Structures are given as structure tokens and as C-alpha cells.
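Here is a short report on one protein chain. Keep the sequence and the 3D view open while reading.

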Amino acid sequence: MSSANSLTVDDLGSAAQRDRRKRILDATYELARDGGFDAVQMRAVADKAEVALGTLYRYFPSKIHLLVSALASEFEHAEAAFRDKPIPGDTSSERVIFVLKKTTRGLQGDPHLTEALTRAFMFADASVANEIHSVGMLLSSMLTQAMHPGATELTDDDVAIARVIGDVWLSALVAWVTGRSTAAETGAHMENAVRLLLRD
């Protein structure tokens with residue numbers, strides 16, 4: 001696996017480059033929705049996105065880089081949606097559970113895509129550290145927004161709790177994707193973890 005990093009939107013200087021990156025991600029989503037992890041082949045992505053294979057590899061050094069970046073992009077959209085309107089719930093645990101349930105339902109509604117993104121996250125090694133870090137930061141941001149709406153400063157404990165909840169949620173998602181738990185069991189596991197960590 002390559003040790004290079006994926007190119008983010010911030011790395012790209014022109015609108016054409018940003019559009020090319022979006023086409024690549026859109027092609028990835030389409031292939032993953034149809035056939036899951038195995039359907040996302042770099043040649044197929046390049047053909048569907050109408051870019052040269054070498055160009056695709058300059059943007060995303062491997063299939064794992066590509067799919068973890070696609071997961072980060074999904075979380076970017078979710079994080080922005082939660083930021084734009086109030087999150088329902090009277091307590092931090094209620095708001096966090098709402099965010100996790102809504103996000104989980106969205107993912108479970110698209111099982112092939114979720115399988116592809118989750119398997120890539122599971123398979124990612126140290127070469128994909130930047131992309132994994134982006135996923136973690138976005139998830140932590142969503143959860144801390146729910147814990148403390150409108151807060152401009154967070155404590156180290158707030159961030160640590162959000163990271164632990166995020167880890168539990170991703171673990172529960174892996175269990176669902178691999179058939180080790182049902183959707184209902186996944187939800188119950190998440191709720192238990194949140195209520196234990198956020199005793200409010």
C-alpha cells in the first residue's frame with residue numbers, strides 16, 4: 001500500500017481539480033452502492049469518473065485511501081447538517097443518541113455502501129493515518145456539538161468522551177456490517193454506552 005496521502009479539497013488549487021475529486025468520490029459511491037467493497041476497483045472508478053487511472057492514483061493512492069476518504073466525506077455532510085439546525089433532546093445523552101441513531105439509520109439504509117466504507121476503515125493501516133484522523137475528528141465534532149450545543153470551548157474530558165463514544169459506535173457498526181449483530185442490537189449497544197459515559 002502506498003505511503004502517500006489522499007488529496008483533500010484544501011490541497012486542490014483549482015475548481016477543475018475539486019470537481020475531478022468530487023467526480024471520483026461520486027463514482028466510488030455509485031459502485032459501492034451497487035456491489036459493496038469488492039465492486040470498488042480503481043480501474044472501474046477511473047472509468048466511471050472519466051479520469052485517467054494515473055490521475056486517480058494521484059488523488060487517492062489506493063482503494064483503501066479512496067474509501068476511507070469517502071467515509072470522511074459522508075461524515076462531513078452529516079456534521080454540517082447537524083451544525084445547521086438544533087439537535088433535539090433535553091440532555092447531552094439524548095442529543096448524542098439522536099445524532100448516532102440518525103447517522104446509523106442513514107448508513108443502514110444503504111447497506112452495500114456502508115459495507116464498503118466500514119470494511120475499508122477496518123482494513124486501513126498506518127499509511128491511511130491522515131484519512132482515519134479526518135474521520136475521527138469529524139465524528140468527534142458531531143458528538144461534541146450534540147453534547148454541548150453552541151459551545152466555543154470544550155474540555156479535554158469532553159473530547160475524550162466523544163472519542164470513546166465514536167469508537168464504540170464504529171465497533172457496533174462493524175458488528176452490524178459483518179452480521180454479528182442486528183440493527184436493533186447495534187442501537188441498544190450504542191445507547192448503553194452513551195448513557196454510561198454521559199450520566200446526565
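Two residues are in contact when heavy atoms of theirs lie within 4.5 Å. By that rule, and leaving aside neighbours within four places in sequence, Thr-114 is in contact with Leu-107, Gln-108, Leu-173, Trp-176 and Val-177. The model is predicted.

**Overall build**

The protein has 9 helices and 0 strands. Its pattern along the sequence is α-α-α-α-α-α-α-α-α. A compact globule of 200 residues would have a radius of gyration near 16 Å, and the protein's 17 Å agrees with that. Along the principal axes, the C-alpha atoms fill a box of roughly 55 × 40 × 30 Å.

Of the 200 residues, 45% are buried. The exposed surface comes to about 10100 Å². Carbon and sulfur atoms supply 52% of that surface. Among contacts with a separation of 6 or more, 71% join residues 24 or more positions apart.

**The annotated regions**

UniProt, in an unreviewed entry, lists two spans of interest here. Residues 18-78 carry the annotation "domain: HTH tetR-type". Residues 41-60 are listed as "DNA-binding region". The table gives the computed make-up of each span.

| Span | Helix | Strand | Distance between end C-alpha atoms |
|---|---|---|---|
| Residues 18-78 | 80% | 0% | 20 Å |
| Residues 41-60 | 75% | 0% | 12 Å |

**Helix H2**

Which residues of H2 are buried? Helix H2 covers residues 42-49, and its buried residues are Met-42, Val-45, Ala-46 and Ala-49. Seen down the axis of H2, these buried residues fall within an arc of 100°, so they line one face of the helix. Arg-43 and Asp-47 are on the other side of H2, and both are exposed.

The cover over the buried residues of H2 includes helix H1 (15-35), helix H3 (53-59) and helix H4 (63-84). After H2 comes Glu-50. The phi of Glu-50 is positive, near 60°.

**The nonpolar core**

The largest nonpolar core holds 55 residues. Ile-24, Val-96 and Trp-169 touch the most other members. Helix H4 gives the largest share of this core, with 10 residues.

Take Val-96 as an example. Apart from neighbours within four places in sequence, Val-96 is in contact with Leu-143, Ala-146, Met-147, Ile-165, Val-194 and Leu-198.

**Two residues of helix H6**

Helix H6 spans residues 111-123 and includes Thr-114. Leu-113 lies in H6 too. Are they buried or exposed? A residue counts as buried when its relative accessible area is under 20%. Thr-114 has a relative accessible area of 1%, so it is buried. Leu-113 has 3% relative accessibility, so it counts as buried.

Each can be paired with a residue far back in the sequence. Thr-114 and Glu-30 are 84 residues apart along the chain, and their C-alpha atoms are separated by 12 Å. Leu-113 and Leu-31 are 82 residues apart along the chain, and their C-alpha atoms are separated by 8.3 Å.

What is Leu-113 in contact with, leaving aside its neighbours within four places in sequence? The list is Tyr-29, Ala-32, Arg-33 and Glu-74. For Thr-114, the list given at the start includes Leu-173, Trp-176 and Val-177.

Definitions and conventions. Residues numbered from 1 in each chain as written. Predicted model: local features only at pLDDT ≥ 70, side-chain atom pairs only at ≥ 80, totals over all residues. Heavy atoms only, no water. Buried < 20%, exposed > 50% of the residue type's maximum accessible area, 1.4 Å probe, protein only. Helix = DSSP H or I, 4+ residues; strand = E, 2+ residues; numbered from the N terminus. Arc of directions from axis to C-beta. Core = buried A, V, L, I, M, F, W, Y, C linked by side-chain atoms within 4.5 Å. UniProt positions renumbered as here; feature names shortened; annotations may be inferred. Rg over C-alpha atoms; globule rule 2.2 N^0.38 Å. Areas by Shrake-Rupley, 256 points an atom, 1.4 Å probe, with all protein chains shown as cover.
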